[in-house]
Amino acid sequence: MFFIVAPLIQINDITQKGFENSGSFMQAFPFSENICIRANSYILVFNLVFSIAYLFFKNKINFKNKLTYTYNQVPFFLFILFSFTLFILLLNYKSIIFQFQHEYYEEAEQTSVSQYLIVQKFLYFIPFSGLIISYYYLIQNKGFSANKKIVLFFFLYFLAVILILKNPLTEKRNALGPLYITMIFLFFHKYLSNNYKVLRLMFLSMIVLFPVLSIITHSRYSLSQMISKPIYLYKNIEYLKITDAFNSLHYDAYPNFLATIDYFDKKSVVIGEQLSCSLLFFVPRSIWESKPETTGFLIGNYLIDKYNFNWNNLSNPYISEGYINFGFVGILLFAIILAYVFVLMIRWLQSEDYLKSIFAFYFAIYLMYFLRGDLTSGFAYIIAFLVATVVFPKLLLAFINYYVKK
């Protein structure tokens, strides 16, 4: 979608207008055959190296993760998690109410990056681990014992908390996709039980659902007007082509890769500087005053300065991050790292550890956003989710295990 379909549509629209040498992509970067050929060659090399590395690691990594807790511990664990999440809700009550009453971005503008990451991407995801463990406890324990009644209460509680904290009124729309698709996988596993079913869902969403929704979200008429007079909906369909979605900033990964190649050619690049920003995302700028800009902002500002673009909060794809950090070597290195992570996540998905298995599926869906970039945001958010849904509950379970043995 991002590196084949979208570029074909974008370049076709540019050349159809007769601007072969002067036309520009949606983020104002000028079309050039030479730089497109370079980018396509890099993408081809990236995919070849990734495939070879994947096959290599697939035969090397072979282990199973087993449960590290007993079902006798679950009710006590869920009670502690219930108390903790209830405290989080009370502590952030005003903020949650504000989110329901105002636009999401209005809340985001009033929150520091560190606070947003800790609260929205870590604390608000902790109830999801309780939902996972309580669900598996319910489906694997027959009968209706007193403990099962208690766990059922906790399950309904955690489900309600997730729906309150993570919905279109309180979270970015694109951030909800991985969570809700993962919940479908958790509760209705048979509908997403193999690669074909998942690919079908993602493909239909990307190629049909999102472009169709753009007819409404990018309409010349209000929703009430289209409901009262359906003729407006028809006129809007005539006005907006389905392919228009691929010419929007939602599909800017390819031209941003082109712009990054151009930036690397013309600017003085410090090797590994952007990667340090990504890996050390948790260090506040108030402490690290010279902390680099994220690559999305860096390339956005470059496009503003050199090509008179008007927006700097751009994405930057994973392959592009490899290139801006280490040049061509970075493309090879980032492909190998991604292949290793792929195999590791497949092993987690196949393991008996429910938390790791569900995280691995979430990561598979999240990859659509992670690979689109930029790396700093994608890495920070997935690490926060990992700590909230795997690391934190395992530490809590380890504490309970130690406490029970004592």
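This is a short walk through a predicted model, with a few selections to make along the way.

**Stop one: the start of H1.** Begin by selecting Val5, which sits in helix H1 (residues 5-16). Is Val5 buried or partly exposed? Its relative accessible area is 25%, so Val5 counts as partly exposed. Now add Phe246 to your selection. The two residues are separated by 241 positions in sequence, yet the C-alpha of Val5 and that of Phe246 are 8.1 Å apart in space.

**Stop two: H7 and H8.** Next, select residues 126-140 for helix H7 and residues 146-165 for helix H8. Their axes come within 8 Å of each other and cross at roughly 145°. Turn the view to look at the crossing of H7 and H8, which is left-handed.

Now show the side chains where the two helices touch. From H7, pick Pro127, Phe128, Gly130, Leu131, Ser134, Tyr135, Tyr137 and Leu138. From H8, pick Asn147, Lys148, Val151, Leu152, Phe155, Phe158, Leu159, Val161 and Ile162. Colour them by character, and the contact of H7 with H8 divides into 13 nonpolar residues, three polar and one charged.

**Stop three: two cysteines.** Finish by selecting Cys36 and Cys277. Cys36 has 5% relative accessibility and therefore counts as buried. Cys277 is buried too, with a relative accessible area of 1%. How many disulfides does the structure hold? There are zero, so you can leave disulfide bonds off your list of things to display.

Note on methods. Residues are numbered from 1 along each chain as its sequence is written. This is a predicted model: local features need pLDDT of at least 70, side-chain atom pairs count only at pLDDT 80 or more; totals for chains, interfaces and linings use all residues. Side-chain values use heavy atoms; hydrogens and water are left out. Axes are lines fitted to C-alpha atoms, for helices over the stretch in contact, and angles run from 0 to 180 degrees between N-to-C directions. Helices (H or I, at least four residues) and strands (E, at least two) are DSSP runs, numbered from the N terminus. A crossing is left-handed if the near helix is turned anticlockwise from the far one by less than a right angle, and right-handed if clockwise. Contact means heavy atoms within 4.5 Å. Ala, Val, Leu, Ile, Met, Phe, Trp, Tyr, Cys and Pro count as nonpolar, Asp, Glu, Lys and Arg as charged, and the others, Gly among them, as polar. Buried means under 20% relative accessible area, exposed over 50%, partly exposed in between (1.4 Å probe, protein chains only). A disulfide is a pair of cysteine sulfur atoms within 2.5 Å.
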